[in-house]
Number of protein chains: 2
Amino acid sequence: MNIEDQTGTTVLRRETEAKPKKSWRTWLIGRPLPTADAPHQTIGVLIGLAVFASDALSSTAYATQEMLVILMVLGERAYDYVFPLAVGIVILLGIVTLSYEQTVPAYPNGGGAYTVSRDNLGVLPSKIAASALLTDYILTVSVSISSGVAQIVSAVPDLFPYRVWIAVGFIAFIMVMNLRGVKESGRAFAIPTYFFVIMMYLTVVVGLIRYFGGNLGLVENPPPLEVFHGTVGVGIFLILRAFSSGTAALTGIEAISNGIPAFKEPRSKNAGTTLIIMSLILGSLMLGISFLSGHIRAVPSEAETVISQLARTAFDGRGVFYGGVIIATTVILIMAANTAFADFPRLSAIAASDGLLPRQLTYRGSRLVYSRGIILLALVSSLLIIVFQASVTRLIPLYAVGVFLSFTLSQTGMAHRWWKISKLKEGEEIKEHSSILRYDPNWLIKLIINGFGAVCTGIVMLVFATTKFVDGAWVVIVIIPTLVFIFTGIERHYRHLASKLSLENYGGLPQIARHRVIIPIGGVHRGTLAALRYARTLSDDITAVHVSIDPQEAERVRTKWETWGDGRRLVILESPYRLFIEPLLEYIEEIEALRQPNEIITIVVPEFVPRHWWASLLHTQTALTLRMALLFHKDIVITSVPYQVD
Amino acid sequence: MNIEDQTGTTVLRRETEAKPKKSWRTWLIGRPLPTADAPHQTIGVLIGLAVFASDALSSTAYATQEMLVILMVLGERAYDYVFPLAVGIVILLGIVTLSYEQTVPAYPNGGGAYTVSRDNLGVLPSKIAASALLTDYILTVSVSISSGVAQIVSAVPDLFPYRVWIAVGFIAFIMVMNLRGVKESGRAFAIPTYFFVIMMYLTVVVGLIRYFGGNLGLVENPPPLEVFHGTVGVGIFLILRAFSSGTAALTGIEAISNGIPAFKEPRSKNAGTTLIIMSLILGSLMLGISFLSGHIRAVPSEAETVISQLARTAFDGRGVFYGGVIIATTVILIMAANTAFADFPRLSAIAASDGLLPRQLTYRGSRLVYSRGIILLALVSSLLIIVFQASVTRLIPLYAVGVFLSFTLSQTGMAHRWWKISKLKEGEEIKEHSSILRYDPNWLIKLIINGFGAVCTGIVMLVFATTKFVDGAWVVIVIIPTLVFIFTGIERHYRHLASKLSLENYGGLPQIARHRVIIPIGGVHRGTLAALRYARTLSDDITAVHVSIDPQEAERVRTKWETWGDGRRLVILESPYRLFIEPLLEYIEEIEALRQPNEIITIVVPEFVPRHWWASLLHTQTALTLRMALLFHKDIVITSVPYQVD
């Protein structure tokens with residue numbers, strides 16, 4: 001089949017993979033996968049827990065400590081409050097889990113706060129949810145990685161000056177793992193997640209046995225109490241601040257409901273099971289760690305983490321088990337970032353396909369993952385780490401406002417969904433954007449569950465925003481509306497463009513009546529002649545234009561043009577102010593003003609292509625400058641005719 | 001006159017100044033000046049001294065201190081060496097000045113080391129000289145500004161954390177002054193230069209009167225001795241290291257001979273007078289300061305400069321005169337950078353017009369100064385300041401190698417010039433590149449002066465390079481050959497290009513036999529149709545190409561093209577690996593392989609122009625990517641047809 005002889009429509013299949021020069025990419029992220037491979041890349045409950053739960057579980061490593069940091073102004077009495085607060089947080093965890101158990105079967109294609117609020121609350125709430133979630137995924141990466149590196153640095157203080165770069169290095173590593181594809185990274189992360197769960201349970205169980213056996217003492221040589229930062233209030237505000245810090249434990253819950261499509265069929269069931277297992281582990285660890293930390297009188301400190309103090313008290317010193325706990329905690333914190341790497345690109349792609357973000361985010365890369373979203377997340381979270389110098393203390397107050405905002409929107413949306421369902425007749429079905437509404441006799445109890453969840457998480461969000469406002473929550477409160485504003489701008493752009501490009505009721509363009517060609521020339525040489533030759537195929541109406549700064553040079557151009565210019569018109573523009581582009585533009589605008597209807601102007605710019613890329617720095621980029629300057633002029637086309645010097 | 005009806009050559013005068021949107025630039029650097037204004041912008045001896053001498057004079061502020069820093073390993077005996085070393089430096093200053101007095105009348109258009117060695121020694125030495133000088137001008141800016149800021153910071157220690165940004169701010173200020181034009185900046189700098197000269201003489205004279213009157217004591221409460229850096233050697237190597245540090249006083253001497261064209265006529269005479277005045281001031285201050293510093297037992301220190309100790313000892317405490325000295329020293333150090341701003345762009349322009357640097361450096365901006373050179377110098381010297389954290393101590397060892405290298409080359413060149421002149425008959429004249437050789441009966445004495453100068457400065461250069469090698473001189477010893485290498489590459493590029501573009505013995509290009517047009521389309525919309533309409537004016541041979549990632553989308557494109565595609569060929573390229581550019585390139589390369597002799601391919605890319613610049617981030621830049629990928633393909637032209645959405 002000779003492709004050049006075809007008429008009508010021809011379909012050619014291009015098996016083009018990556019170019020040979022891109023082989024380092026193949027080495028780094030694996031061979032390209034064809035689109036048809038997509039459905040195979042799904043995961044079961046065991047690997048799903050590893051991929052989506054590490055964020056939530058890892059927060060047990062700092063939630064208790066963060067509560068203690070706030071409570072320490074109360075002195076010894078702090079230890080009386082920490083366990084009751086943990087119970088409160090676990091109750092909240094139960095409410096949120098129950099709420100999300102309603103969402104998972106209703107949205108088998110992923111029921112993140114964005115989807116749920118778009119379907120049930122409208123455009124603005126869905127944009128707010130998307131902003132909150134995207135912000136939060138970024139912070140998840142920054143906080144988890146910083147906290148993980150802080151563990152390493154506590155163990156090896158010599159690494160302290162390099163902590164920012166170690167953190168950025170970890171992000172780069174996770175980025176590459178994710179660019180390889182979700183299944184392989186799931187496998188790579190499964191072992192450490194389960195290792196963490198086992199080590200933490202071991203610590204808690206040993207601790208509890210010794211406590212109830214009466215032979216668990218206080219922590220030996222606790223680190224010195226540090227100066228408190230923040231307001232020293234007593235009473236309800238203080239308790240609420242401590243509670244807010246503890247709610248960091250709930251970040252990451254939404255990950256599973258957002259990531260349902262990554263699960264094996266039956267995916268709703270698998271995802272629901274994973275969510276319950278995760279919450280049970282999270283809740284029990286939170287209670288156990290908080291109970292024991294209070295009883296051993298652990299001192300929150302930048303020098304030694306509460307987990308470390310708990311482990312060496314439970315295991316009587318820094319032995320093999322202690323080392324295991326520290327390594328497991330460090331690793332899970334670093335991997336927690338992986339949760340965000342699974343979800344951020346997916347949500348970006350959904351928002352982009354709804355026209356809220358650049359369309360490029362919907363393209364899947366050679367390994368079937370949303371590569372651009374992965375790279376974007378890596379860049380922004382690295383930037384945050386650099387700006388905040390990998391300090392968990394400075395990042396924590398930014399965290400969790402977004403999470404609870406999205407919880408509230410999601411739950412409110414679900415409550416509204418049950419209300420819509422209550423209006424249906426039995427057996428009736430309505431197809432919505434991302435789910436199907438089916439009559440459910442239990443709608444009232446489900447409405448109450450989600451409604452109660454919405455009220456609780458809404459209150460927590462307000463408490464967090466109020467008590468942490470000056471510490472950094474304000475940053476997020478500024479960023480979320482900004483993102484909503486950007487989404488709206490992008491959405492408007494795509495809509496406007498589509499309407500302007502639409503062929504509906506379009507009469508077509510009038511025929512081009514005249515085609516005029518202008519060739520700006522710096523001198524007369526082979527490149528100029530190549531441009532002139534090309535220009536002759538476009539039109540007979542050709543004008544060469546020389547902007548003259550030096551009269552002698554202009555004279556040389558004139559003489560040479562007489563010999564080589566094929567008798568075409570030459571205009572010399574004298575430029576006493578030594579400007580080049582401006583007189584040329586002025587001339588083009590004069591010509592433009594004189595032109596006939598349906599006349600088109602093509603500016604043919606001779607451009608020589610040097611052997612080496614750096615040599616382009618040695619020449620003025622006339623074509624580029626003209627293209628920028630004339631972009632908004634109708635019916636002016638700029639063509640650069642490359643002349644290959646070799 | 002209707003410009004569109006002209007045939008043959010038309011000359012139009014464009015009085016285009018800056019565009020209205022550039023008015024902030026006019027406000028910042030002044031109204032544009034036409035080329036005809038150039039000769040008016042010259043300066044006399046008084047302003048010339050302010051413009052070109054501040055670098056040399058300001059070095060008295062640190063030369064003595066830098067010698068003492070090295071000598072302090074000798075303890076109290078250091079003070080015995082400082083004055084004799086200063087005498088040695090002043091003798092060297094005399095030799096260099098005498099040598100340059102020969103150069104100034106010989107090269108009325110500017111006789112920098114570059115010009116002199118190009119005319120008399122050849123291409124390679126001239127490139128070495130240019131590298132040395134350009135490096136040195138950059139260091140002049142970095143060292144002087146850093147030293148000036150160090151004075152401010154010594155006076156107001158609170159500013160210490162901001163020193164780098166203060167330094168960069170000063171560079172920006174000097175840059176703007178210079179973009180306004182040399183005469184105005186000369187005026188702005190004249191008062192502070194003369195204020196410095198007066199204050200320094202006052203200090204030295206008062207100090208000497210009190211010393212010989214027997215009532216000048218030792219410095220009170222000198223700063224504590226700091227830890228010595230560098231090798232602790234004794235004997236000749238130590239003395240030579242101290243001498244090398246002191247030679248920093250000679251940097252800046254060449255400025256005048258390089259800048260002769262900036263002087264009023266008779267410019268050689270004016271420049272020569274300025275040079276002698278400058279050397280006399282410099283030498284006398286150097287001797288006075290070194291003599292007194294030794295006698296008051298000044299302690300070199302980062303905490304308090306030697307000048308400050310001298311001033312408060314001479315004026316008995318920190319009164320008005322002391323304040324005057326400190327302010328004057330600070331200001332002159334900052335302005336010293338201005339010398340380099342006068343010379344660096346001029347030398348860059350000369351080197352660029354010889355094809356060693358990008359041609360763009362020869363263009364004079366709207367205020368008749370070489371704007372690009374000024375901006376380049378500001379950027380590179382700011383970068384150095386940021387890298388070296390504005391530390392004079394770390395910058396000093398990089399300084400002066402380049403200066404003495406250029407002195408040596410310049411003097412050697414002059415010596416060779418007298419040798420050439422000795423071969424002429426009386427009254428005979430030979431025109432060289434930048435000067436005229438005329439018989440001179442005193443050629444022998446002049447040859448001896450320049451030859452002796454060359455030998456002395458050559459020895460000093462070797463001493464400096466040896467004694468300061470490990471402290472940083474090696475950096476410059478690496479940079480100079482690198483620059484020479486770059487010059488040679490650029491020179492070769494321009495030569496090669498000129499030969500390849502030359503029309504001599506050029507047969508012209510064959511006629512274009514066939515013109516094929518390819519339109520890559522993402523969809524069928526108004527923008528696509530505008531591109532198709534344009535393509536029809538180019539050729540009848542048109543193929544639209546759609547790269548298909550989604551089969552449904554491809555089907556939509558096919559159906560729409562049947563309605564709107566004017567019966568033209570459509571090729572659908574299926575891309576199972578979701579690549580876009582690669583299959584398109586592969587297709588174009590197949591077409592390319594099939595084409596007939598003298599067939600040209602134009603790729604017409606539809607491109608919509610959104611209302612806002614940021615919206616271009618929301619679209620893939622197909623035309624740009626194709627242009628980059630197909631740059632080296634012969635006879636392929638890429639045209640983007642803009643479609644203005646509004």
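This report walks through a few local features of the structure above.

The model is predicted, so to speak only of its firmer parts, local features need pLDDT of at least 70 and side-chain atom pairs count only at pLDDT 80 or more, while totals for chains, interfaces and linings use all residues. Residues are numbered from 1 along each chain as its sequence is written, chains are lettered from A and ligands numbered from 1 in the order in which they are written, and side-chain values use heavy atoms, with hydrogens and water left out.

**A tyrosine in chain B**

Let's start with B:Tyr79, which sits in helix 4 (residues 78-106) of chain B. Helices here are DSSP runs (H or I, at least four residues), numbered from the N terminus. Is B:Tyr79 buried or exposed? It counts as buried, because its relative accessibility is 8%; buried means under 20% relative accessible area, exposed over 50%, and partly exposed in between, using a 1.4 Å probe and protein chains only.

Beyond the neighbours within four places in sequence, B:Tyr79 is in contact with several residues, including B:Leu68, B:Met72, B:Arg297 and B:Ala298. Contact means heavy atoms within 4.5 Å. With B:Ala298 there is a further detail: the tyrosine side chain reaches the backbone oxygen of B:Ala298 at 2.8 Å.

**Backbone oddities**

Most residues other than glycine have a negative phi, and most peptide bonds are trans. Here are two residues that have a positive phi without being glycine.

| Residue | Phi | Loop in chain B | Relative accessible area |
|---|---|---|---|
| B:Asn221 | about 45° | between helix 8 (182-212) and helix 9 (236-246) | 69%, exposed |
| B:Asp316 | about 55° | between helix 12 (306-314) and helix 13 (320-353) | 60%, exposed |

As for peptide bonds, a cis one joins A:Glu265 and A:Pro266, with omega about -5°. A:Pro266 lies in the loop between helix 10 (254-258) and helix 11 (267-295) of chain A. Over in chain B, B:Glu265 and B:Pro266 are also joined by a cis peptide bond, with omega about -5°. B:Pro266 belongs to the loop between helix 10 (255-258) and helix 11 (267-295) of chain B.

**A patch on chain A**

Which residues form a nonpolar patch on the surface? They are A:Phe469, A:Val470, A:Trp474, A:Ile477 and A:Val478, with about 490 Å² of accessible area together. Such patches take residues with over 30% relative accessible area and no salt bridge, joining nonpolar side chains within 5 Å; a salt bridge is a side-chain nitrogen of Lys or Arg within 4 Å of a carboxyl oxygen of Asp or Glu. Areas come from the Shrake-Rupley method with a 1.4 Å probe. A:Ile477 is in helix 18 (residues 469-501) of chain A, and its 35% relative accessibility makes it partly exposed.

Note on methods: Helices (H or I, at least four residues) and strands (E, at least two) are DSSP runs, numbered from the N terminus. A polar contact is a pair of N or O atoms within 3.5 Å; within protein, one must be able to donate a hydrogen and the other to accept it, and residues adjacent in sequence count only if both atoms are side-chain atoms. Patches are made of residues with over 30% relative accessible area and no salt bridge: like charges are joined within 9 Å, nonpolar side chains (Val, Leu, Ile, Met, Phe, Trp, Tyr) within 5 Å.
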